[in-house]
Amino acid sequence: MSFSIDEWFVVLLARTIRDREVVFHGFGSPCAQVAMHVARRTFARDMLLIEGATYAVNPEPPFIPPTGNDLSLQQGARYRMRFEEFFDAAARGDVDRMFLSGGQIDAYGNTNVTAIGPLDRPKVKLGGGGGGCNLAATVRHLTLWTTRHRSGRTLVERCDFITDMGHRTPEGSRAELGFTGGGPEWLVTELGVFDYDADGHARLRRIFPDVSLDTVRAATGFELRVAGDLRPVDPPSSAELTAVRTIDPLGVRRAEFSPEELGRTFVHGTHAACSC
């Protein structure tokens, strides 16, 4: 069976979810959105899925639509939370996991979706974090992701602006600043999978079979720490691939990838060798 990088990527995002967790994604997050539904349809059937734009709880959409506030994302929902109701739950620590991305992500998992360059004269004005800064402070675990690692502009030594807090900022750690959330647990990129060490610093744990360690190092703006047991990413199962293709027949997840990355296809076999 062959599969593409976008399919493998959302499977890896899904695998960061634990069964029975309460999980949320933000606006404009097709990869995370697809991943949450894949997890719920495979190994995490008892998770509580909260849609990012509609706050629908455990909906049963026939497919993921191109827009995040489509009415289909409320279909079959057990409940639809009010905006303030969800934020109160997160503040209490009742949300187990949230997916976050950013135009910049630093070594400690701080993310920037506000502006690239100085705030008074930014090179690029981004969309802003909405309520992400509040949620990131109290949600128990964060899964970060980016499909632009290879650009060399996303994983940076220091964010130009910190929209959502990771493990540590120049002002101090989560504990020192009084934030109760656990911070980033995983960072998934199109080059590999990172966890976070005891210092709260990103550490490469898994690497895609068509990617070299030198490629990851060249694309990473901060010190690349590598786990002693680094090995290739585990390939997706047939059940996981079926779930991806069933819930996302329109391929909305693919919008997050460059055309060059979408050319990466793989086949099951030794380390899921690249067939590109």
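Colleague: In which helix is A136 found?
Modeller: In this predicted model, the residue in question belongs to a helix that covers residues 132-138. A136 is found in helix α4.

Colleague: Is A136 buried or exposed, and what is its relative accessible area?
Modeller: Buried residues are those under 20% relative accessible area. A136 meets that criterion and is therefore buried, with a relative accessible area of 0%.

Colleague: Which residues does A136 touch, not counting residues up to four places away in sequence?
Modeller: One of its partners is L100, 36 residues apart from A136 along the chain, with the two C-alpha atoms separated by 8.5 Å. With residues up to four places away in sequence not counted, A136 touches M98, L100, L142, D164, M165 and R174.

Colleague: How far does helix α2 reach from its first C-alpha to its last?
Modeller: Helix α2 comprises twelve residues, 30-41. At 1.5 Å a residue, a span of 16 Å is expected. The value in the model is close to that, at 17 Å.

Colleague: Why is α2 described as largely enclosed by the rest of the structure, and which of its residues are buried?
Modeller: The description follows from the burial count, because eleven of the twelve residues of α2 are buried. These buried residues pack against α1 (5-15), β2 (22-25), β3 (48-50), β6 (97-100), β11 (141-146) and α7 (238-247). The buried residues of α2 are P30, C31, A32, Q33, V34, A35, M36, H37, V38, A39 and R40.

Colleague: With which residue does R40 form a salt bridge?
Modeller: R40 is buried at a relative accessible area of 14%, whereas its partner counts as partly exposed at 34% relative accessibility. The closest N and O atoms of the pair are 3.0 Å apart. The pair links distant parts of the chain, 20 residues apart, with R40 in helix α2 and the partner in the loop between β4 (56-57) and β5 (79-80). That partner is E60.

Colleague: How many salt bridges does a search of the whole structure find, and which residues are linked in a network of them?
Modeller: The search of the whole structure finds 29 salt bridges. A network of salt bridges links D6, E7, R245, D248, R253 and R254.

Colleague: What is the N to O distance in the salt bridge of R205 and D195, and where do the two residues lie?
Modeller: The side chains of R205 and D195 meet at 2.7 Å, N to O. Both residues are buried. Because R205 lies in strand β16 (residues 202-207) and D195 in strand β15 (residues 192-196), the pair ties together parts that are ten residues apart in sequence. In short, the distance is 2.7 Å and the strands are β16 and β15.

Colleague: Which side chain of opposite charge is nearest to R206?
Modeller: R206 lies in strand β16 and is buried yet has no salt bridge. A salt bridge requires the nitrogen and the carboxyl oxygen to be within 4 Å, and the nearest side chain of opposite charge is 4.3 Å away from R206. Contacts of R206 include G192, V193, L230 and R231. The side chain asked for is that of D229.

Colleague: What separates D214 and R217 in helix α6?
Modeller: Their side chains meet in a salt bridge at 3.6 Å, N to O. D214 counts as exposed at 57% relative accessibility, and R217 as partly exposed at 40%. Being three residues apart in helix α6 (residues 213-219), D214 and R217 are separated by about one helical turn.

Colleague: At what angle do α1 and α7 pack?
Modeller: Their axes lie 10 Å apart, and the angle makes α1 roughly perpendicular to α7. The contact is made by E7, V10, V11 and R15 of α1 and E240, L241, V244 and R245 of α7. Helix α1 is mostly covered, with ten of its eleven residues buried. The packing angle is about 105°.

Colleague: With which residues is R20 in contact, leaving aside its neighbours within four places in sequence?
Modeller: R20 is found in the loop between α1 and β2, and R20 is exposed, with a relative accessible area of 64%. The C-alpha atoms of R20 and G178 are separated by 27 Å. Leaving aside neighbours within four places in sequence, R20 is in contact with D46, M47 and D96.

Definitions and conventions
Residues are numbered from 1 along each chain as its sequence is written. This is a predicted model: local features need pLDDT of at least 70, side-chain atom pairs count only at pLDDT 80 or more; totals for chains, interfaces and linings use all residues. Side-chain values use heavy atoms; hydrogens and water are left out. Helices (H or I, at least four residues) and strands (E, at least two) are DSSP runs, numbered from the N terminus. The expected span of a helix is 1.5 Å times one less than its number of residues. Buried means under 20% relative accessible area, exposed over 50%, partly exposed in between (1.4 Å probe, protein chains only). Contact means heavy atoms within 4.5 Å. Lys and Arg count as positive and Asp and Glu as negative; His and the chain ends are not counted. Axes are lines fitted to C-alpha atoms, for helices over the stretch in contact, and angles run from 0 to 180 degrees between N-to-C directions. Angles under 35 degrees count as roughly parallel, over 145 as roughly antiparallel, 65 to 115 as roughly perpendicular and the rest as oblique.
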